[in-house]
Amino acid sequence: MASSGKIEADLEVKSSTNKIWDFIVDSATMFPKIFPEQYKSIEVLEGDGKSVGSIKLIKYQEGVPNVTFSKEKVETVDETNKSLTYSVIEGELLNYYKNFKWSCEFEKASDEIPDPSSIKDFAVKSFQDLDAYILTKA
């Protein structure tokens with residue numbers, strides 16, 4: 001039987017919560033511009049890309065570990081607490097994890113699959129880079 005788990009990371013940022021939230025909510029537009037070395041494109045396939053039920057197709061640059069693309073569905077949006085949850089509904093991550101949510105909960109496809117620490121590292125680096133971008137450009 002495959003195992004499941006949850007990964008958490010604490011990250012201190014200098015930018016305001018509201019600015020970071022605005023960039024995250026508008027990630028389909030902003031992330032390929034800010035992080036061209038990580039994202040080829042983010043296309044909104046359904047909805048507005050910001051509300052529950054929206055679906056985005058994310059194409060990653062070569063060198064991003066384990067994935068070339070993912071299709072993600074917005075599961076929850078909490079404006080008050082500045083919280084979003086995405087589920088991966090297509091892409092290579094599902095070869096490794098039966099269930100993958102960006103809050104970050106996962107269920108491995110098999111016990112031999114490692115925990116998604118490289119994905120956590122990618123997310124932490126993205127937030128650090130976003131913070132730096134906001135402080136210097138926004």
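Two salt bridges are present in the structure, which is a predicted model. They are set out below, and the report then turns to the aromatic pairs, the nonpolar core, the helix α2, a surface patch and two backbone angles.

**Salt bridges**

| Salt bridge | N to O distance | Relative accessibility of the Lys | Relative accessibility of the acidic partner |
|---|---|---|---|
| K71 and E90 | 3.2 Å | K71, 18% | E90, 38% |
| K125 and D129 | 2.6 Å | K125, 41% | D129, 25% |

The bridge between K71 and E90 connects distant parts of the chain, since K71 belongs to strand β4 and E90 to strand β5, with their positions 19 residues apart in sequence. K71 counts as buried because its relative accessibility of 18% falls under the 20% limit, whereas E90, at 38%, is partly exposed. The bridge between K125 and D129 is instead contained in helix α4, where the two residues are four apart and therefore separated by about one helical turn. K125 is partly exposed, with a relative accessible area of 41%, and D129 is likewise partly exposed, with 25%.

**Aromatic pairs**

Seven aromatic pairs are found when the whole structure is searched. In one of them, Y39 and Y60 adopt a tilted arrangement, with their ring centres 5.7 Å apart and an angle of 40° between the planes. This pair brings together distant parts of the chain, for Y39 is in strand β2 (residues 39–46) and Y60 in strand β3 (residues 55–60), 21 residues apart. Both Y39 and Y60 are buried.

Y60 also pairs with F122, here in an edge-to-face arrangement, with 6.1 Å from centre to centre and 75° between the planes. Because Y60 lies in strand β3 and F122 in helix α4 (residues 117–137), this pair ties together parts of the chain that are 62 residues apart in sequence. The relative accessible area of Y60 is 6%, so this residue is buried, and F122, at 16% relative accessibility, counts as buried too. Through ring pairs, F31, F35, Y39, Y60 and F122 are joined into a cluster.

**The nonpolar core and its surroundings**

The largest nonpolar core has 28 residues, and the members that touch the most others are F31, Y39, Y60, L93 and L130. At least two residues of this core come from each of α1 (17–25), α2 (27–34), β2, β3, β5, β6 (97–101) and α4. The greatest contribution is that of α1, which gives five residues.

The surroundings of Y39 can be described in further detail. When its neighbours within four places in sequence are set aside, Y39 is in contact with F31, P32, I58, K59, Y60, Q61, F122 and S126. Among these contacts, F31, Y60 and F122 are also members of the ring cluster that includes Y39.

Helix α2 is mostly covered, with six of its eight residues buried. The buried residues of α2 are S27, A28, M30, F31, P32 and I34, and they pack against α1, β2, β3, β5 and α4. F31 thus appears in two settings, as a buried residue of α2 and as one of the core members with the most contacts to other members.

**A nonpolar patch on the surface**

On the surface, L11, V13 and F127 form a nonpolar patch whose accessible area comes to about 200 Å² together. One of these residues, F127, lies in helix α4 and is partly exposed, with a relative accessible area of 35%. Helix α4 therefore carries the partly exposed F127 as well as F122, which counts as buried at 16% relative accessibility.

**Positive phi angles**

Most residues other than glycine have a negative phi. Against this background, two loop residues deserve a closer look. N66 has a positive phi, near 75°, and is placed in the loop between β3 and β4 (69–78), where its relative accessibility of 39% makes it partly exposed. K82 also has a positive phi, near 55°, and is found in the loop between β4 and β5 (83–91). With 28% relative accessibility, K82 counts as partly exposed.

How values were computed: Residues are numbered from 1 along each chain as its sequence is written. This is a predicted model: local features need pLDDT of at least 70, side-chain atom pairs count only at pLDDT 80 or more; totals for chains, interfaces and linings use all residues. Side-chain values use heavy atoms; hydrogens and water are left out. Rings of Phe, Tyr and Trp (its six-membered ring) pair if their centres lie within 6.5 Å; planes under 30 degrees apart count as stacked, over 60 as edge-to-face and the rest as tilted. Buried means under 20% relative accessible area, exposed over 50%, partly exposed in between (1.4 Å probe, protein chains only). Patches are made of residues with over 30% relative accessible area and no salt bridge: like charges are joined within 9 Å, nonpolar side chains (Val, Leu, Ile, Met, Phe, Trp, Tyr) within 5 Å. Accessible areas come from the Shrake-Rupley method with a 1.4 Å probe; for residues, only the protein chains shown count as cover. A salt bridge is a side-chain nitrogen of Lys or Arg within 4 Å of a carboxyl oxygen of Asp or Glu. A nonpolar core is a set of buried Ala, Val, Leu, Ile, Met, Phe, Trp, Tyr and Cys residues joined through side-chain atoms within 4.5 Å. Contact means heavy atoms within 4.5 Å.
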